[in-house]
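Open the model in your viewer and keep a surface view ready. The tour goes from the outside to the pockets.

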Amino acid sequence: MAQQVNGARGRRERTARPLRGVVVAITGGSRGIGAATAHTLATAGATVAVADLDLPTGQWLSQHPTVRGWQVDVTDGEAFTAFLDQVESTCGPLDVLINNAGIMPLGPLGEEPGSVTARQVELNLHAVIHGSQQAVRRMRPRGRGHIVNVASQAGKVGFAGAATYCATKHGVVGLSEALRAELRGTGVAVSCVMPTVVRTELATGLGGSPLVRPVTAQQVADAIVGAVRRPRFAVYVPRWLGAVNRLLELVPRALADVLMRISGADRVLAGADPAARAGYEARAVPERGHDALASPDALANQQAAGAQPS
């Protein structure tokens, strides 16, 4: 009898979750991975709420009446909370939160301005912590929900030239692992997405390596949506990265260092072209004047003025 019950449970767990009508909030959703994920989810019938400093634009948005955009700086905790409140009041109870917003300024740690360090910690880590807290408080009482945190391969391996970025992504991996343990048995799932270099603006000017082969934003989006359909914790893009990480953990540190050097993986971020990345990095750490966009009052004004595309 136990074998029959376990077999039935296994079949249920392998059954894909239907996405029609599922309410999903995505941070950093106006471009790159976030936009590709929003488009893919909306195509599958989900109701998608996008939060970003820049409101989402493009033909794909107009094709999906179930996608709405809010102009939010998620490093402002009150504004992030107000955004989720408005999503629930407008679209219904939140089923999935995808913490995707992040930036990757590069350079030696000793030369990194304090403002750049602080912005990465605020956006890449603290905003993910705050969003996860808010999602837990909404989802756990309902006994259902899914938190998807977008980290990076840099959350498993340290890369020269990106010390703060790696620190924040290691933090997201650790947060996700701990949160998964806390929520076990509650009905709320946690996924941690760890892609290699992704061909978006964030990867402008990076080098290449046999071990670091760039993927597209759509490949990452497909992996995220796949995890939403069939929840699992570790989501590597491409999948074989999981095996690489396990290998690096098993071999002695000196051998792992040799493998990184021989493959050129240790220079992918450290060898980035600063001139090619200048435009992206200037946008990634905006002037503090953007904070006005993040206030709860500004969000309320957007809603009252009909600023949300629908």
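Select Leu247, Leu255, Val258, Leu259 and Ile262: together they make a nonpolar surface patch with about 420 Å² of accessible area. This is a predicted model. Colour helix H9 (253-263) next. H9 gives the patch its largest share, four residues.

Stay on that helix and pick Leu259, which lies in H9. Is Leu259 buried or exposed? Leu259 falls in between: it is partly exposed, because its relative accessible area is 32%, and buried would need under 20%, exposed over 50%.

Keep H9 on screen and move to the second largest pocket. Its volume is about 350 Å³. Select Val157, Gly158, Arg253, Ala256 and Asp257; of the 16 lining residues, these lie nearest the centre of the second largest pocket. H8 and H9 each supply at least two residues of this lining. The largest share, five residues, comes from H9. By class, the lining of the second largest pocket has eight nonpolar, two polar and six charged residues.

Now go to the largest pocket. About 910 Å³ of space lies there. Which residues are closest to its centre? Select Asn100, Gly102, Ile103, Leu202 and Tyr280, out of 50 that line the largest pocket. Then colour the elements that give two or more residues to this lining: helices H2 (32-43), H5 (114-139), H6 (163-183), H8 (241-250) and H10 (274-284), plus strand S2 (47-52). Last, colour the lining by class: 31 residues are nonpolar, 11 polar and eight charged.

How values were computed. Residues are numbered from 1 along each chain as its sequence is written. This is a predicted model: local features need pLDDT of at least 70, side-chain atom pairs count only at pLDDT 80 or more; totals for chains, interfaces and linings use all residues. Side-chain values use heavy atoms; hydrogens and water are left out. On a 1 Å grid over the protein atoms alone, a cavity is a set of points where a 1.4 Å probe fits but cannot get out, and a pocket is an open set with protein on both sides within 12 Å along at least five of seven lines; lining residues have an atom within 4 Å of a point. Grid points are joined across faces, edges and corners, and a volume is the space filled by probe spheres set on the points. Ala, Val, Leu, Ile, Met, Phe, Trp, Tyr, Cys and Pro count as nonpolar, Asp, Glu, Lys and Arg as charged, and the others, Gly among them, as polar. Patches are made of residues with over 30% relative accessible area and no salt bridge: like charges are joined within 9 Å, nonpolar side chains (Val, Leu, Ile, Met, Phe, Trp, Tyr) within 5 Å. Accessible areas come from the Shrake-Rupley method with a 1.4 Å probe; for residues, only the protein chains shown count as cover. A salt bridge is a side-chain nitrogen of Lys or Arg within 4 Å of a carboxyl oxygen of Asp or Glu. Buried means under 20% relative accessible area, exposed over 50%, partly exposed in between (1.4 Å probe, protein chains only).
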